[in-house]
Amino acid sequence: MATGWGRQVRLDFQRLATQNSTTKTYTTPFAGLSTANPGDDGQSNAEPTSTGSYARQSITWTAPTQPSNDASCNAVNNASISWTSTGAFSTGATNLTHVSIWNTSSLATTTEAAFLGRAAISVPQAVAASGITLTMAATTGLVMGCISA
């Protein structure tokens, strides 16, 4: 699976539904870029360093709407999310293939406890120079869903 909430978030969804409690602390989420699928726990994340002005970007979500029966209940970003390079984020033919979602802006924090989920980038892009802007459109750029089984 290349897109979805991380396993700790899915476990917390179940805790909330069955025990009315959660174990994670949810704060402003941040989107990062990765040259690899971060995996279900975020530990395969290959995020650029702060070179080229790279930084995780904050995400604000549109309130989910009531889904129809057996349809996905999606969370979508309500504002565009952009990264503009002042130098290379990735080198040569190394494409950024995934967005990783974290509960911190710190590039140094890559623990499973801070990982929220990941999504595949539909058109992978290398950022090997300055002046390149990658943008995820509002309401369609980042869609995270939950569907009944």
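Two strands are said to pair when DSSP finds at least two bridges between them, and in this predicted model that rule can be followed from strand to strand. Strand β1, residues 4-5, is joined to β8 by two bridges, and the two strands run antiparallel; within this pairing, W5 has G117 of β8 as its bridge partner.

From β8 the path leads on to β7, for these two strands pair in the antiparallel sense over six bridges, and here W102 finds its bridge partner in F115 of β8. Strand β7 is also joined to β2, by five bridges and again with the strands running antiparallel, and in this pairing the bridge partner of S34 is H98 in β7.

Put together, these pairings belong to an open sheet of five strands, whose order is β1-β8-β7-β2-β3 and whose pairing is antiparallel. Because β1 and β3 (57-58) stand at the edges and each has a single partner strand, one side of each is left without a neighbour in the sheet.

The next step is to look at how side chains gather. The largest nonpolar core holds 20 residues, and those that touch the most other members are L33, I81, W83 and L142. Two or more residues of this core come from each of β2 (30-34), β6 (81-84), β7 (96-102), β8 (115-125) and β9 (133-136), with β7 giving the largest share, three residues.

One of these core residues, W83, can be followed further: beyond its neighbours within four places in sequence, W83 is in contact with A31, G32, L33, Y54, A55, R56, Q57, F89, I132, T133, L134 and M136.

Note on methods
Residues are numbered from 1 along each chain as its sequence is written. This is a predicted model: local features need pLDDT of at least 70, side-chain atom pairs count only at pLDDT 80 or more; totals for chains, interfaces and linings use all residues. Side-chain values use heavy atoms; hydrogens and water are left out. A nonpolar core is a set of buried Ala, Val, Leu, Ile, Met, Phe, Trp, Tyr and Cys residues joined through side-chain atoms within 4.5 Å. Buried means under 20% relative accessible area, exposed over 50%, partly exposed in between (1.4 Å probe, protein chains only). Helices (H or I, at least four residues) and strands (E, at least two) are DSSP runs, numbered from the N terminus. Contact means heavy atoms within 4.5 Å.
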